[in-house]
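User: Hey, got a minute to walk me through this one? I'd like to start with the packing and then look at the odd backbone spots.

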Amino acid sequence: MKNIFLGIIIAVILTTLMLISGEIAIRTYHYFKYGGKSVGTITLDNDLGWRTTENVKFVQKKMDAGGNRYLIEYKTNKDGFRLFGNLKNNKKRKVMFVGDSFTHAVQVSNNKTYYGILGDALPIEVFAYGGGGYGTLQEFMIINKWLDVVKPDMVILQYCSNDFINNHFELELRSNRNNNGMRRPYLTNRDKIVYAIPKHSIQRNIRDIACKYFRFLYFVISRIDRLFYGKKKSGSVEDIIESKGREFPLFIESIKKTEQLVRKIATRCSKANIEIYAFCVDNGHPYYEELQRISNKNNIKFIDGIPEAIQVAEQNGVVVRAADKAHWNEKGHQIAAKVLKEYFHNKFFFRKAR
């Protein structure tokens with residue numbers, strides 16, 4: 001019994017020392033990586049679940065899906081916007097871009113994002129906020145908070161097919177592809193906001209503690225997630241959705257939830273007399289069709305063609321993805337900007353700013 005007890009004590013001491021050493025190491029790494037600040041590109045937030053970290057600036061080498069290295073300069077302002085235009089410039093139309101990780105765009109420099117390219121090509125003031133992993137509720141909360149500050153002429157909402165997963169607790173709980181294990185807000189059927197971590201009970205407590213206090217522990221958990229998800233190519237709830245579509249009850253629930261959220265965004269913009277447009281970064285079935293339908297039903301002008309343009313480039317051998325093989329590299333953002341520019345060109349040149 002003495003040996004067992006001694007072994008337990010030694011194991012606890014070694015584990016504690018490992019966690020302390022790992023915590024010091026990762027905080028030091030973050031300090032140098034993110035321009036002298038011991039932070040990451042996201043920060044926990046009581047209301048949003050997490051937000052894009054403010055006042056971050058760093059220069060870093062990135063690698064794309066083809067193994068090519070390129071240099072990026074990442075910057076956010078004091079409110080977490082990648083780009084925040086001149087509020088006083090009434091000669092240009094103000095355009096507010098809101099989305100998830102494709103708009104957060106940590107893979108490219110500010111001026112190489114799709115909205116940065118549009119800002120250089122069109123007579124607009126750009127205000128862009130993206131949150132990695134965001135669902136539609138978090139995007140609504142950003143729009144709701146900043147609409148009366150920015151007073152944009154136009155809002156452009158960026159969709160992703162995983163919005164249906166992130167908007168529905170049960171679907172996110174059952175997903176091993178689109179679940180970051182972090183506490184996020186969900187909208188109830190009664191239009192109330194509740195907060196939950198989409199993991200089973202024991203994991204929730206560990207992950208909550210890790211997210212709040214221990215960066216190293218969160219780092220270890222997230223790497224285990226990636227390893228597990230990387231090996232598990234099938235068996236996620238997305239397979240059921242893509243196979244059954246509207247025959248799957250949970251997907252029907254998520255469609256209703258997503259439409260409820262999109263309607264809130266549309267209503268908020270409509271009351272302020274602000275035009276609203278939307279586009280999706282991918283066109284997987286059955287998500288894309290539902291996003292198109294939801295947009296049209298709520299008087300949101302849906303911009304088609306971006307996923308197709310990306311796919312054509314890939315088929316022609318162009319590397320358009322970052323190292324994660326999901327998000328866009330600089331070329332991907334250029335292609336998306338080109339489609340948007342062609343769509344908006346006449347609108348901007350023949351309509352005056354307010």
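User: Before we start, what kind of model is this?
Analyst: It's a predicted model.

User: OK. Which residues touch the most other members of the largest nonpolar core?
Analyst: Ile142, Ile143, Val155, Tyr159 and Cys269 do, in a core of 45 residues.

User: What does cysteine 269 contact, leaving aside neighbours within four places in sequence?
Analyst: Cysteine 269 is in contact with Ile143, Leu147, Val155, Ile274 and Ile276 once those neighbours are set aside. There's also a second, separate core, with 30 residues, including Tyr115, Trp328, Ala336 and Val339.

User: Switching to the outside: which residues make the nonpolar surface patch?
Analyst: Phe5, Leu6, Ile9, Ile10, Ile13, Leu14 and Leu17 make a patch of about 660 Å². One of them, isoleucine 10, lies in helix H1, which covers residues 2-33.

User: Why does isoleucine 10 count as partly exposed?
Analyst: Because its relative accessibility is 42%, and partly exposed runs between the 20% and 50% cut-offs.

User: Now arginine 184. Is it buried or exposed?
Analyst: Arginine 184 is buried, at 1% relative accessible area. It lies in strand E9, residues 184-187.

User: So what does the side chain of arginine 184 reach?
Analyst: The backbone oxygen of glycine 133, at 2.9 Å. Beyond four places in sequence, the contacts of arginine 184 include Trp50, Tyr134, Gln138, Asn166, Glu172 and Tyr195.

User: On to the backbone. Which peptide bond is cis?
Analyst: The one from histidine 285 to proline 286, with omega near 5°. Proline 286 is in the loop between strand E11 (275-280) and helix H11 (287-297).

User: And what's phi for aspartate 191?
Analyst: Near 70°, so a positive value in a residue other than glycine. Aspartate 191 sits in the loop between E9 and strand E10 (193-196), and aspartate 191 is partly exposed at 39% relative accessible area.

User: Where is asparagine 273 found?
Analyst: In the loop between helix H10 (249-271) and E11. Asparagine 273 has a positive phi too, near 60°.

User: Is asparagine 273 buried or exposed?
Analyst: Exposed, because its relative accessible area is 64% and the cut-off for exposed is over 50%.

Notes
Residues are numbered from 1 along each chain as its sequence is written. This is a predicted model: local features need pLDDT of at least 70, side-chain atom pairs count only at pLDDT 80 or more; totals for chains, interfaces and linings use all residues. Side-chain values use heavy atoms; hydrogens and water are left out. A nonpolar core is a set of buried Ala, Val, Leu, Ile, Met, Phe, Trp, Tyr and Cys residues joined through side-chain atoms within 4.5 Å. Buried means under 20% relative accessible area, exposed over 50%, partly exposed in between (1.4 Å probe, protein chains only). Contact means heavy atoms within 4.5 Å. Patches are made of residues with over 30% relative accessible area and no salt bridge: like charges are joined within 9 Å, nonpolar side chains (Val, Leu, Ile, Met, Phe, Trp, Tyr) within 5 Å. Accessible areas come from the Shrake-Rupley method with a 1.4 Å probe; for residues, only the protein chains shown count as cover. A salt bridge is a side-chain nitrogen of Lys or Arg within 4 Å of a carboxyl oxygen of Asp or Glu. Helices (H or I, at least four residues) and strands (E, at least two) are DSSP runs, numbered from the N terminus. A polar contact is a pair of N or O atoms within 3.5 Å; within protein, one must be able to donate a hydrogen and the other to accept it, and residues adjacent in sequence count only if both atoms are side-chain atoms.
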